[in-house]
Structures are given as structure tokens and as C-alpha cells.
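Subject: Handover of a structure for your review

Dear colleague,

Please find below the structure that I am handing over to you. My findings follow it, beginning with the surface and then moving on to the fold and to individual residues.

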Amino acid sequence: MMKIGLFIPCYVDALFPEAGVATYKLLRHFGVEVEYPEKQTCCGQPMANAGFEPMAVSLAGKFDAMFKDYDYVVAPSASCAAFVRTFYPKLLSGEHACLTSTKTLDIVEFLHDVLKVTSVPGKFPHVVSVHNSCHGVRELGLSSPSEKHVPSFSKVMDLLRLVDGITLREPERRDECCGFGGMFAVEEPAVSTRMGEDKISRHMATGAEYVTAPDSSCLMHMAGIAKKEHLPIQFVHVAQILAAGL
């Protein structure tokens, strides 16, 4: 049986545990063995993105040692999965070869590309607008980036189409950034907020009741703006929709 190490990023653990629980339920539903290493920590992305890359090296080493023996490492976070896959080999190059970068996947690509699921247990009778997060599109390849003019595809949409009762939409400028960008939201809050407002407006223009994405960080950013401005739109991680009813 395939053995999976469940990686729950620190902000998901602290703020959106329901996304982690949904990911665990999905993996168990599809018959894989799942373990959650309890001593896992932050992957180091905030430090590296802020320019303190050396501070992320020890965290990368700890992650690599903790997850190296699993067949795959699966996370409900496109940005953290992308950080491990894209930057860990460089971070650990002075220590040892990275053993986890090539087998660390976001839950969407694991279900779509590895398990190749053809049905999901979820039932979600709502209009949902799909948010394409920057890391998911441009580092994990969860959907086609508009700037490359390649044939259109979306692994997120492929999975969500399997959900009973759902109506899917995509906003204008479907893969434009929502303005979060990790440290960008802290360093440029006014620009970040305006980008978020524009993105929410485009999602709402689709008639959606919910916005979904594979990244809770993007959803957190937009949900915070929507709550502050009393906008009638809700936000939910894609894993929670796929796992609805479990």
C-alpha cells in the first residue's frame, strides 16, 4: 500500500485545520496509508521569501529527514508544496541531496496525477468560482498560465467537475494574483489590499456563492478583505469541497 506523509503547513494547522482534516479524509477515502508526523514544523518559506534564506536551511533539513521514507508527501497548500519542490534542492545543496523535493505534492496534483481519481465523495450544490493561485499555476502546473498561450487546462477544475451538484465559474483574468504574496501583503499593504479587492470583485461578478482554491493563504487574504468590507461571498479550500460528506 502506498504510504503518504501528510504535511500540514503551519498556517493551515493554526488557522485552517479544517483544510488539513479534509485532506486526511480524502487520502483515507482513496485507500492510501496516511501518517502525520507530529514534530513537523514550518517549511521555511516565510524566512526565505523575506530574504533570510540561511534561516530556512535547518528547517529544510528537518523536513527532508522527517519525510524522506514516505512514497509521497502531500499537503493542502500549493505554495508550501511548491517551495519544497522548487527551493529545497538549492537550500540543501551544501548539506546533502534533497530526498523529498520530487515527491512532495499538493493534494490536487496528487489526486489528479498520481491516483487519477474518476469520482469524489463530495456533494456541493453551490456556484463556485475557482481561484488559481500563483504558486499553483506557475510552479506546480495546476493550470495553464495565460501568459504562455498554451492549450488551456486546470487540474483543479477537472477534480471539481466530479463533485455532485456544483456549478463552476472562473473570473476574468483568471490567473491574476490576488495580492497576498506572503511578505508582499505586509510590506505593501495598500497595493495588496487593492489587488485583493479587484480579485474579489471579479469572482463576485461570476455570480459565485463561494471562492475556492488550493491555497488557504490566498483564501485568507481575500476572506479578510471581504469580511472587513461586508461583501457577500464565502471562501473554502478545494479539499473541503472534494471531501464534503466524508
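The accessible surface of the protein amounts to about 11,300 Å², and carbon and sulfur atoms account for 55% of it. Please bear in mind throughout that this is a predicted model.

Overall form

The C-alpha trace extends over about 50 × 45 × 35 Å along its principal axes. For a chain of 246 residues, a compact globule would be expected to have a radius of gyration near 18 Å; the value for the protein is 17 Å, which agrees. Of the 246 residues, 50% are buried. The secondary structure consists of twelve helices and eight strands. If one takes the contacts between residues at least 6 apart in sequence, 77% of them join residues at least 24 apart.

As regards charge, there are 23 positive and 28 negative side chains. The centres of these two sets lie 2 Å apart.

Aromatic residues

The count of aromatic pairs comes to nine. One of them is formed by Phe63 and Tyr88, in an edge-to-face arrangement with 5.4 Å from centre to centre and 85 degrees between the planes. This pair links distant parts of the chain, since Phe63 belongs to helix H4 (residues 54–67) and Tyr88 to helix H5 (residues 78–91), 25 residues apart. Phe63 and Tyr88 are both buried. They also belong to one aromatic cluster, whose other members are Phe7, Phe67, Tyr70, Phe83 and Phe87.

Two buried polar positions

Ser101 is located in the loop between H5 and strand E4 (104–106). Its relative accessibility is 6%, below the 20% limit, and Ser101 therefore counts as buried. Setting aside residues up to four places away in sequence, Ser101 touches Val84, Arg85 and Pro89.

Glu109 lies in helix H6 (residues 107–114). With a relative accessibility of 3%, Glu109 also counts as buried. Apart from neighbours within four places in sequence, the residues in contact with Glu109 are Arg85, Thr104, Val114, Leu140 and Leu142. Arg85 thus appears in the contacts of both Ser101 and Glu109. In addition, the C-alpha atom of Glu109 is separated by 7.0 Å from that of Lys155, although the two residues are 46 apart along the chain.

Two residues with positive phi

Which backbone angle of Arg173 has a positive value? The angle is phi, which is near 55 degrees in this residue other than glycine. Arg173 sits in the loop between strand E6 (167–169) and helix H9 (183–187). Its relative accessible area is 49%, so Arg173 is classed as partly exposed; the range for that class ends at 50%.

His230 likewise has a positive phi near 55 degrees, and is also a residue other than glycine. The loop that holds His230 runs between helix H11 (216–228) and strand E8 (234–237). Because its relative accessible area is 71%, His230 is classed as exposed.

When you open the structure, I would suggest starting with the pair of Phe63 and Tyr88, and then turning to Ser101 and Glu109.

With kind regards

Note on methods:
Residues numbered from 1 in each chain as written. Predicted model: local features only at pLDDT ≥ 70, side-chain atom pairs only at ≥ 80, totals over all residues. Heavy atoms only, no water. Phe/Tyr/Trp six-rings, centres within 6.5 Å; stacked < 30°, edge-to-face > 60°. Helix = DSSP H or I, 4+ residues; strand = E, 2+ residues; numbered from the N terminus. Buried < 20%, exposed > 50% of the residue type's maximum accessible area, 1.4 Å probe, protein only. Rg over C-alpha atoms; globule rule 2.2 N^0.38 Å. Contact = heavy atoms within 4.5 Å. Areas by Shrake-Rupley, 256 points an atom, 1.4 Å probe, with all protein chains shown as cover. Lys, Arg positive; Asp, Glu negative; His and termini not counted. Charge placed at Lys NZ, Arg CZ, Asp CG, Glu CD.
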